[in-house]
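Colleague: I am new to this structure. Could you take me through it?

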Amino acid sequence: MHPERSIASWFEGVLSLVYPTVCALCHRQRADHRQGYVCETCSLSVRRIGDHCCQRCGLPWSGKIVGHHACESCRGASGSWDEARAAVIAEGVALDCIHRLKYRKEPWFATFLSGLLNEAAVPALKGRSWQGIVPVPLHRAKLREREFNQAERLAGPLARALDVPMVTDRVRRREPTASQASLSRDDRSRNVRSAFEAARTDRIRGSWIIVDDVLTTGATTDAVAAVLKGLGAEQVVVWAVARAVLEPGGVWTDPPQPALPITSRAPGS
Ligand SMILES: [Zn+2]
Ligand SMILES: [Zn+2]
């Protein structure tokens with residue numbers, strides 16, 4: 001056996017002693033560390049958004065798409081980012097994994113979630129020229145408490161897959177923000193607007209990618225995009241693993257009161 005491969009299989013053996021090779025979600029089927037301990041059945045239960053969405057905000061669309069499509073809320077909308085996309089709908093398994101990564105510090109879910117992100121984002125982004133990938137920064141106090149920035153865990157593998165540098169020294173979080181979930185749409189925007197600033201003053205140019213775990217109101221990523229545009233970025237595209245969506249007759253996913261559109265209504269209806 002190739003020495004590197006034998007070291008890898010030895011490492012896998014040790015890992016399987018620490019973490020049993022069973023799905024961390026259903027505890028029934030096999031799943032190893034390469035799958036982020038999420039089995040194929042659980043992975044397939046995640047709803048991918050695909051290309052059938054608003055081309056500005058990534059809202060999944062149930063109707064027919066002809067040419068460039070923007071949902072009702074995005075028509076005439078202006079913001080700092082040029083387009084936003086998410087790989088999957090923020091619900092069920094996907095949302096569970098995000099919460100367990102962030103709040104219960106179960107790091108293996110970063111592998112599974114970045115797999116979902118790369119599956120959708122790499123084909124959409126490769127072949128274009130990008131200057132850098134910016135994970136949405138956490139405030140220092142939050143970083144100390146959480147010990148890692150989940151957006152960074154997701155941006156890293158995307159940066160490697162696209163061969164674009166991950167840039168963490170351009171934008172920083174200015175102050176701890178009140179918990180977003182309890183605020184109204186307007187309060188959220190006001191609260192987040194002033195939360196980011198440029199960490200350096202030298203100019204940038206070209207196209208940039210912002211990465212976050214969940215796209216809910218779009219206010220956070222918009223504020224980061226505003227800093228990048230202020231520094232000289234010409235185009236800013238947002239990619240998130242999951243996007244909050246309200247299904248017809250369904251319930252709010254995570255968390256309530258999004259400002260981004262969350263229902264797919266047919267154009268003009
Ligand atoms: Zn499973
Ligand atoms: Zn839209």
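What follows is a short exchange of questions and answers.

Colleague: What kind of model is this, and how are its parts numbered?

Modeller: Residues are numbered from 1 along each chain as its sequence is written, while chains are lettered from A and ligands numbered from 1 in the order in which they are written. Local features need pLDDT of at least 70, side-chain atom pairs count only at pLDDT 80 or more, totals for chains, interfaces and linings use all residues, and the model is predicted.

Colleague: How many helices and strands are there in the protein?

Modeller: Helices (H or I, at least four residues) and strands (E, at least two) are DSSP runs, numbered from the N terminus. From that end, the order is α-α-β-α-α-β-α-α-β-α-β-β-α-β. The count is 8 helices and 6 strands.

Colleague: What percentage of the residues count as buried?

Modeller: A residue is buried if 20 or more other C-beta atoms lie within 10 Å of its own, exposed if 12 or fewer, and partly exposed in between; C-beta atoms are placed from the backbone. The protein has 269 residues. The buried part is 38%.

Colleague: Which element gives the largest share of the largest nonpolar core?

Modeller: A nonpolar core is a set of buried Ala, Val, Leu, Ile, Met, Phe, Trp, Tyr and Cys residues joined through C-beta atoms within 7 Å. The largest one has 72 residues, and Leu113, Ile210 and Val241 have the most contacts inside it. Elements that give two or more residues include strand S1 (83-89), helix H8 (219-231) and strand S6 (235-243). The largest share, 9 residues, comes from H4.

Colleague: At what angle do H4 and H6 pack, and what is that arrangement called?

Modeller: Axes are lines fitted to C-alpha atoms, for helices over the stretch in contact, and angles run from 0 to 180 degrees between N-to-C directions. Angles under 35 degrees count as roughly parallel, over 145 as roughly antiparallel, 65 to 115 as roughly perpendicular and the rest as oblique. Helix H4 (residues 109-125) and helix H6 (residues 150-162) have axes 9 Å apart, at an angle of about 40°. That makes the pair oblique.

Colleague: How do the residues of the contact of H4 with H6 divide?

Modeller: Two residues are in contact if their C-beta atoms, placed from the backbone, lie within 7 Å. On H4, the contact residues include Leu113, Leu117 and Ala121; on H6, Leu154, Pro157 and Leu158 are among them. Ala, Val, Leu, Ile, Met, Phe, Trp, Tyr, Cys and Pro count as nonpolar, Asp, Glu, Lys and Arg as charged, and the others, Gly among them, as polar. The contact divides into 11 nonpolar, 2 polar and 1 charged.

Colleague: Which residues of H3 meet H4?

Modeller: The axes of H3 and H4 come within 9 Å and cross at roughly 135°. That makes H3 oblique to H4. Phe109, Ala110, Phe112, Leu113 and Leu116 are the H4 side of the contact. The H3 side is Ala94, Cys97, Ile98, Arg100 and Leu101.

Colleague: What covers the buried residues of H3?

Modeller: The buried residues of H3 are Val93, Ala94, Leu95, Cys97, Ile98 and Leu101. Their cover includes helix H2 (40-44), S1, H4, H6, S5 and S6.

Colleague: Is valine 171 buried or exposed?

Modeller: Valine 171 is in strand S3 (residues 171-173). Its contacts include Val134, Phe196 and Leu228. Proline 137 is 34 residues away in sequence, with 7.2 Å between the C-alpha atoms. Because valine 171 has 26 C-beta neighbours inside 10 Å, it counts as buried.

Colleague: How far is alanine 240 from valine 88, C-alpha to C-alpha?

Modeller: Alanine 240 lies in strand S6. With 29 other C-beta atoms within 10 Å, alanine 240 is buried. Valine 88 is 152 residues away along the chain, yet the separation in space is 8.6 Å.

Colleague: Why does glutamate 147 count as exposed, and what is its phi?

Modeller: Glutamate 147 sits in the loop between helix H5 (140-146) and H6. It counts as exposed because it has 8 C-beta neighbours inside 10 Å. Most residues other than glycine have a negative phi. Glutamate 147 is not a glycine, and its phi is positive, about 75°.

Conventions. Lists of a residue's contacts leave out its neighbours within four places in sequence.
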